[in-house]
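Got the viewer open? Let's take a walk through the model, one selection at a time.

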There are 2 protein chains.
Amino acid sequence: MELISKVKSFGGEQRVYRHASKSTGTDMDFAVFLPREALDGYACSSLIYLSGLTCTWENVMTKGFPQQHAAEHGMIFVAPDTSPRGEAVANDEAYDLGQGAGFYLNATQNPWKSNFQMESYIAEELPELLIDSLPLDEDAIGLTGHSMGGHGALTLAMKNPDLFQSVSAFAPIVNPMDCPWGQKAFKNYLGDDEATYAAYDACALVASEGWEKDILIDQGMADNFLEEQLKPWAFDAACRKAGIDLTLRLQGGYDHSYYFISTFLADHVAWHAARLD
Amino acid sequence: MELISKVKSFGGEQRVYRHASKSTGTDMDFAVFLPREALDGYACSSLIYLSGLTCTWENVMTKGFPQQHAAEHGMIFVAPDTSPRGEAVANDEAYDLGQGAGFYLNATQNPWKSNFQMESYIAEELPELLIDSLPLDEDAIGLTGHSMGGHGALTLAMKNPDLFQSVSAFAPIVNPMDCPWGQKAFKNYLGDDEATYAAYDACALVASEGWEKDILIDQGMADNFLEEQLKPWAFDAACRKAGIDLTLRLQGGYDHSYYFISTFLADHVAWHAARLD
């Protein structure tokens with residue numbers, strides 16, 4: 001791991017690291033906020049935040065404002081990138097396919113499969129690297145995310161309940177098999193066999209994998225993507241059917257932006273802290 | 001005033017307005033966060049934040065994170081631009097002269113004087129506009145700022161103590177007559193007669209105008225501009241000589257960035273709230 005930058009914030013330190021990823025075959029950057037307790041070497045709980053379409057680690061670290069809350073709870077906050085990047089990596093002109101749009105899955109189709117292995121990266125390689133390199137409590141790792149990253153958080157937590165001890169999401173894509181963003185991504189990354197899609201669909205995973213703990217979701221009701229892409233009521237129905245304890249907060253007046261995320265991120269950090277401590 | 005955008009945040013609303021400024025002869029944009037109390041029509045205290053070199057209203061609103069603290073204290077938070085802008089406005093290739101570098105003064109020299117009248121804009125026109133248009137308590141207006149904006153806050157407050165009831169600053173330029181940024185700006189905007197400079201120098205104004213209340217300044221000790229440009233000890237010495245109650249907090253490890261500002265902005269909002277309520 002190469003340290004790219006560090007800056008002091010809220011008594012802790014925000015660092016950006018670069019490392020050669022064996023999952024994606026590229027260099028990957030991620031940001032991590034270390035509270036004072038972590039700088040002093042104490043094992044800390046951690047929250048990994050998966051960003052949405054087009055984002056890098058930078059969006060949540062500069063506009064979501066996790067540092068104050070992570071410092072308050074003595075929690076490590078990790079922000080990975082949303083895909084492999086670089087001139088040698090396949091891409092598409094659309095904002096919702098290719099670089100910046102990894103959808104937290106392992107692609108099986110050309111030209112994507114050689115680099116777009118974000119499921120392996122987020123659910124295996126990155127946590128191993130973090131545990132080896134930083135004072136993370138390996139039994140206290142939470143997962144959250146926004147939009148495409150909310151999809152990633154819900155699906156990867158349900159598929160890896162021993163690794164991720166808590167999960168929440170902001171305006172997540174919950175049913176990608178039934179929305180334009182998801183259908184486009186799955187067709188390109190996973191191909192025409194729709195039987196492979198369910199392994200990456202939170203509504204389907206609720207039935208197949210389940211989740212033994214509770215889940216918190218915040219959704220803005222002035223979100224432009226609410227009706228066509230996000231449809232949180234589908235996940236609510238799936239959780240009710242499966243007996244999963246979902247708290248779905250439909251927040252009046254809030255949109256899809258980081259003004260929405262920053263408003264409620266304190267609640268999510270506290271919620272994870274209560275479950276990880 | 002034309003409403004350019006609005007977004008919900010922390011139970012309140014962040015708006016961006018555009019208006020034709022008679023001070024600058026240009027359209028000027030500013031952002032304002034209105035807490036729920038203001039949306040309900042109650043007169044609120046307010047804090048005007050003056051940004052540093054190169055900035056617009058957007059920097060502090062997206063990276064300083066004032067919304068949470070302003071909402072908590074029921075305070076209106078206002079972020080103006082740092083200069084007039086546009087193709088018809090004089091400019092310079094350097095980042096520290098011309099557009100984005102108004103230095104909160106009234107220029108007397110060509111080509112600057114026709115538009116660069118930021119003192120009049122911030123200390124007269126903008127407060128009048130805000131009081132006329134929004135539920136501001138006109139007897140409870142505070143002023144703060146960062147770097148060049150800290151210079152603006154300190155100087156304009158001391159020159160307008162009836163208008164600005166409280167003042168604080170982050171890493172301010174306190175002695176522009178004695179630092180490269182200030183000397184360059186003053187020579188260009190004010191000309192060769194150095195006798196005109198003291199009216200825009202916080203260290204000089206402490207002696208000539210004074211300030212009957214207290215002042216809060218935070219300064220990061222890992223700030224790259226500390227030794228050459230900022231030199232807060234000059235202001236500390238001037239305040240001690242004049243008997244002004246300055247709290248100067250030299251914060252170990254913090255730099256000049258918004259990671260520094262966001263760490264301490266809660267303290268400043270609370271500090272102003274305690275003095276304005």
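Before you click on anything: helices (H or I, at least four residues) and strands (E, at least two) are DSSP runs, numbered from the N terminus. This is a predicted model, where local features need pLDDT of at least 70, side-chain atom pairs count only at pLDDT 80 or more, and totals for chains, interfaces and linings use all residues. Residues are numbered from 1 along each chain as its sequence is written, chains are lettered from A and ligands numbered from 1 in the order in which they are written, and side-chain values use heavy atoms, with hydrogens and water left out.

**Stop 1: all of chain A**

Show chain A as a cartoon and you'll find 10 helices and 9 strands. Its radius of gyration is 17 Å, close to the 19 Å from the globule rule for 277 residues, so chain A is as compact as a globular protein of that length. (That radius is taken over C-alpha atoms, and the rule is 2.2 Å times the number of residues to the power 0.38.) Turn the C-alpha trace along its principal axes and chain A spans about 50 × 40 × 35 Å.

Of those 277 residues, 63% are buried. Here buried means under 20% relative accessible area, exposed means over 50%, and partly exposed is in between (1.4 Å probe, protein chains only). Contact means heavy atoms within 4.5 Å. Among the contacts in chain A with a separation of 6 or more, 71% are between residues 24 or more positions apart.

Now switch on a surface: chain A has about 10300 Å² of accessible area, and carbon and sulfur atoms account for 44% of it. (Areas come from the Shrake-Rupley method with a 1.4 Å probe; for residues, only the protein chains shown count as cover.)

**Stop 2: both chains and the axis**

Bring in chain B. A turn of 180° with a shift of 0.0 Å along the axis lays chain B on chain A, with an RMSD of 0.0 Å. That is how a two-fold axis relates its copies. (The superposition is by least squares on the C-alpha atoms of residues with pLDDT of at least 70 in both copies.)

Which residue of chain B comes closest to the rotation axis? Select Lys63(B): its C-alpha sits 2.9 Å away from the axis. As for the interface, 100% of the interface residues of chain B are also interface residues in chain A, so the copies meet through the same surface.

**Stop 3: helix H2, from both sides**

Pick Thr62(A), in helix H2 (residues 58–64) of chain A. Thr62(A) is buried, at 16% relative accessible area. Leave out residues up to four places away in sequence, and Thr62(A) touches Thr62(B), Lys63(B) and Tyr259(B).

Hop over to Met61(B), in helix H2 (residues 58–64) of chain B. Met61(B) is buried too, with a relative accessible area of 1%. Beyond its neighbours within four places in sequence, Met61(B) has contacts that include Tyr259(A), Phe33(B), Pro66(B) and Phe77(B). For a distance to draw, try Met61(B) to Asn91(B): their C-alpha atoms are 25 Å apart, with the two positions 30 residues apart along the chain.

**Stop 4: Ser51(A)**

Step back to the loop between strand E4 (44–50) and H2 of chain A, where you'll find Ser51(A). Is Ser51(A) buried or exposed? At 0% relative accessibility, Ser51(A) counts as buried. Its contacts, setting aside residues up to four places away in sequence, include Thr82(A), Tyr104(A), His146(A) and Tyr258(A).

**Stop 5: backbone oddities**

Most residues other than glycine have a negative phi, and most peptide bonds are trans. Here are some exceptions to click on.

- Asn110(A) and Pro111(A) are joined by a cis peptide bond, omega about 0°; Pro111(A) is in the loop between strand E5 (76–80) and helix H4 (118–133) of chain A.
- In chain B, the bond from Asn110(B) to Pro111(B) is cis, with omega near 0°.
- Tyr104(B), not a glycine, has a positive phi of about 55°. Tyr104(B) lies in the loop between E5 and H4 of chain B and is buried, at 0% relative accessible area.
- Lys231(B) has a positive phi near 45°. Look for Lys231(B) in the loop between helix H8 (226–230) and helix H9 (232–242) of chain B; Lys231(B) is buried, at 18%.

**Last stop: Pro161(A)**

Finish in the loop between helix H5 (148–159) and strand E7 (166–170) of chain A, home of Pro161(A). With a relative accessible area of 41%, Pro161(A) is partly exposed.
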